[in-house]
Amino acid sequence: MASTQTTTSAAQSESLSFSVNGENVNIAVPGIRRLARVLRDDLGLTGTKVGCDAGDCGACTVLLNDEPVCACLVAAGQVSGCEITTVEGLASRCPLHGRLQQSFLIHGAAQCGACTPGMLVSATALLEKHASPSEAEVMDAIGGVLCRCTGYRKIIRAIQDINVGSVQASPEAGAAVGARLIRLDGQKKVDGTEVFGADEIPKDALAVRAIRCPYQRAGFQFGDLDAFVALHPEIEIVLTAKDVPGVDCYGVIPRFADQPVFAHKEARYRGEAVAAIVGEPLGLEALDLRDFPVQWEELPAIKTMEEALAPGAPLIHPHREDNVLVRGRVVQGDVDRALSDADFVVEAEYETGFVEHAYIEPEAGFARRVGDSVEIQACTQSPYMDRADIAKILGIAPEKVRIIPTAVGGGFGSKLDLSVQPFIALAAWKLNRPVRMVYSRTESIVSTTKRHPARMKLRAGATRDGRLNALDFSADFNTGAYSSWGPTVAGRVPVHASGPYRVAHYRALTRAVHTNIVPAGAFRGFGVPQAAIAQEQVYDDLAGKVGMDPLEFRILNALDNDSATVTGQVLGEGVGIRACLEALRPNWGAARAQAAALNAQARGPLRRGVGVAGMWYGCGNTSLPNPSTVRIGLKRDGRIALHQGAVDIGQGSNTVVTQICADALGAPICQFDLISGDTAITPDCGKTSASRQTFVTGKAAQMAGSKLRDEILKKAGSCKCGVIEFREGVISVVDNGVATQRDVSTLPLDEYGYAITCDATFDPPITALDENGQGKPYAVYGFGAHMAEIEVDVELGTVRVLKVTAAHDVGRAINPTLIEGQIEGGVAQGLGMALMEEFFPGKGENLHDYLIPSAGDIPAIESILIEEPSSTGPFGAKGIGEQAVIPTAPAILNAIHDAVGVRTHKIPATPDRVRAAILANADGGARG
Ligand code: FES
Ligand code: FES
């Protein structure tokens, strides 16, 4: 950055001088302008991220002189004469930074990368003072920077281990699968150049601010909007429902689409948009939205599922009887009879709350009109679904909408739904000007989807010898005001509520219920984590009644290759749950013995407990088509263009899909040019959800790679056993020891501009479910089991998780480092779900009150990778993203029971709930 002289247009600017990354800056800005804004908007240093603008997330951490500070809390006027270092300047400031970056890459410490700049800056400040910090010192140093993806363990390791060495050259041809390859998109994440939704905005872009309902239900009437616009020269237009040229109704599942861009006459939840103001960014920012001419009439709202389901309750959507969006059902055998025949029966009810996704990057992006088309560059998990909905809203053909996903700073399911896209698309379409929108943290929390709260009832039966014989499960899920992914949750849970066990007699009935609350949608696991919380605790209690060890009870009942699932599916291969549970045995025995010994001697308030839980998860959509298409092109320079549209939201699909394709083709990774999701240039790889990208897109990439290999061999006149060598502009095929050289630089180009192009589509082989939910809902399942070691303070009700051992059957570990990252991140989210995370609509709409685990909350995590391959998956691989979160919470809750003999039937098990359960327990809970 050259010495900078910048002036903003805002009033009351003052002239300030300071240094940024070693260069002098003279700038005229209001002294109260946030330093984060100055760095990003005025100086273009977008490596500094803004996740909350309130000092809660640490994403904006920079060095002020030598101290890490939140740039969102520092006023520009305070830094006059100071030295600022941002992530972009770390390398020149500090020789160890290069090693730190390398260490982050090698350890897989950056997933989505939204927290990475803040982590690197905080780590630099620490390492400049302590060359070899302890784990506690590292945790302390990064304690103010939140990460929602990694579970912090790899970040801590990377900071402690900066002398780990250099990034290795990419593996040889044929050796990519199974290699701990660093992320192919990693460098940008560690040097601050990754482009997220808010990072690249056309200079002349207008801004949008949405007017949102402040009540959980309200009628509304606009005043004189024209007069309001006339009064405010900074405003170009106010948009309302009448401005939507197409169909003002969208939704991720077209059959259930019910959500308007702008509410019509009545808003159904707090945070629903009724209008949008579009105008000049600084002026719009200064606008007091309380002046907007809208009159609200607060209406009685349905706030709970009890109210929604009560006889005679008003209907939130008139065509949805009883406020039930959809029902799910899987039934097998005769569950009532089996329960009456059972030697032991356990009955229980569990309730879970709303959980906020809390990704570090709030929703953001911009749109521009290009002739009769519109282009949207925004963070999203599902470009082709966005395209379909935006086309419908604008009343134009899908081909006239181009979606260019930015890097996604965490999604976990919520960025499958539209957020900023309809507002910016509509405004850009109407005004023929680029328009941007960046959600504030509060706007993100009030208006985007949550994990479904669940109310679950269970009865489970077992025989005297410990065999599960029946489960009767029913659950209601609060899906909020609009459908979003409610049908998917209601449909997936009945298939999974048995857990990965043989249950001959089974009934699982679910309902997704509308309320006047922000919609609940997809969140890692689609309802299965909630079901696992209930089912795994009930199974533990059943094991206790039988008198069996909980781990051995599960091993006894685990599914095998030849056993039927509750939908009557016999997988025949790749059923790894027994192996996962057995892998825990050594740690389990030792930890249980240690806990018992410690509890026997306990004098103070601490009690140890050890718990286990299993899980299974079908990869991809439930009994629905689920295709991915991958295109691969041989370029004239001999390089390979891989068009894969799977959006990498931090989980690593860019890297994993390339590894798979490289080995199928027989080319080294370094030969690949990756062309990621863009609906104009990459075929549809479906959405990034349901643990489908490694499995489905990976399989399509494997098929495309094999096809290209076959084509090259055919063109070289070689048999299929020929070996291809890729060099610049030349390809050699060695067949029976004879090398044939082919100069690809002279080959004619096809319609895609490649010498050879191959497309491949994979759609997993599944069947529809019948009226009892019987059939083949998924082609492949992932399996796993977690063991949690915890300590409860019986006086305070607090729970500290000491260690989680996580065994996962991933079929084939395409990239073990990335898989461990998914597991560790899943454990952290599961810990949050078990112990601290609950969103109360209308309250705590920020990251200060809504607590997610920080580095200091995270226990030791030991990952054990099991490989029971599926012949359907690429090189045997299955998914891991959703799976990783499922067993953690029930394992922790079972460990609490092991420690103090109580359960909280409302989750999370917060200290007040744990303490209340201990007090309510007849013996006070202090066993041992
Ligand atoms: S953006 Fe500054 S702490 Fe979150
Ligand atoms: S990698 Fe930390 S928030 Fe995504």
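## Strand β35 and the six-stranded sheet

In this predicted model, K906 of strand β35 is the bridge partner of E351. The contact belongs to the pairing of β14 (residues 344-352) with β35, in which the two strands run parallel and are joined by 2 bridges.

Both strands are part of an open sheet of 6 strands with mixed pairing, arranged in the order β13-β23-β22-β21-β14-β35. At its edges stand β13 and β35 (906-907), each of which pairs on one side only.

## Helix α15 and its surroundings

Helix α15 (residues 486-496) is largely enclosed by the rest of the structure, because 10 of its 11 residues are buried. The buried positions are G486, P487, T488, V489, A490, R492, V493, P494, V495 and H496. The set therefore includes an arginine and a histidine alongside residues such as V489 and V493, where buried means under 20% relative accessible area.

Several elements contribute to the cover over these buried residues, including the strands β13 (324-332), β22 (468-480) and β23 (505-514). Helix α16 (528-546) is also among the covering elements, as are strands β24 (606-618) and β32 (781-793). Of these, β13, β23 and β22 also appear in the order of the open sheet.

## Strands β25, β26 and β27

Strand β26 (residues 640-643) is covered on both faces. I640 and L642 are buried on one side, and A641 and H643 are buried on the other. This arrangement accords with a general feature of strands: in a regular strand the side chains alternate between the two faces of the sheet.

Strand β26 has pairing partners of both orientations. With β25 (residues 628-634) the pairing is antiparallel and comprises 4 bridges; within it, I632 stands opposite L642. The two strands form a hairpin with 5 residues between them, and G638 in the turn has a positive phi of about 90 degrees. With β27 (residues 672-675), β26 pairs in the parallel sense over 4 bridges, and D673 of β27 is the bridge partner of A641.

## Nonpolar cores

In soluble globular proteins, nonpolar side chains tend to be buried together. Here the largest nonpolar core has 94 residues, and F104, I159, I790 and I896 have the most contacts inside it. Setting aside residues up to four places away in sequence, I790 touches R607, R608, G609, V799, R800, V801, L802, I892, A895, I896 and A899. A second core, separate from this one, contains 72 residues, among them M456, Y506, A534 and W616.

## Cavities

The count of cavities of 30 Å³ or more comes to 9. The largest holds about 470 Å³ of space. Its lining is made up of 33 residues, and Q651, Q822, I880, G881 and E882 lie nearest its centre. Helices α19 (653-665), α20 (693-715) and α21 (816-835) each supply at least two residues of this lining, with α21 giving the largest share, 3 residues. By class, the lining has 12 nonpolar, 16 polar and 5 charged residues.

The second largest cavity holds about 240 Å³. It is lined by 23 residues, of which Y250, Q259, L418, S419 and S447 are the closest to its centre. This lining divides into 11 nonpolar, 7 polar and 5 charged residues.

## The second largest pocket

The second largest pocket has a volume of about 1,100 Å³. It is lined by 44 residues, and those nearest its centre are I253, T488, N621, T622 and L624. T488 is also one of the buried residues of α15. Elements that each supply at least two residues of the lining are β13, α12 (383-394), α15 and β25. The lining consists of 19 nonpolar, 14 polar and 11 charged residues.

## The environment of E234

E234 lies in the loop between α8 (225-231) and β9 (235-239). Its relative accessible area is 18%, so E234 is buried. Apart from neighbours within four places in sequence, E234 is in contact with V278, G279, E280, G283, L284 and L287.

T442 is 208 residues from E234 along the chain, and the C-alpha atoms of the two residues are separated by 24 Å.

Definitions and conventions: Residues numbered from 1 in each chain as written. Chains lettered and ligands numbered in written order. Predicted model: local features only at pLDDT ≥ 70, side-chain atom pairs only at ≥ 80, totals over all residues. Heavy atoms only, no water. 1 Å grid on protein atoms, 1.4 Å probe; cavity = no way out; pocket = protein on both sides within 12 Å on 5 of 7 lines; lining within 4 Å. Points joined across faces, edges and corners; volume = space filled by probe spheres on them. Nonpolar A, V, L, I, M, F, W, Y, C, P; charged D, E, K, R; others polar. Core = buried A, V, L, I, M, F, W, Y, C linked by side-chain atoms within 4.5 Å. Buried < 20%, exposed > 50% of the residue type's maximum accessible area, 1.4 Å probe, protein only. Contact = heavy atoms within 4.5 Å. Pairing = 2+ DSSP bridges.
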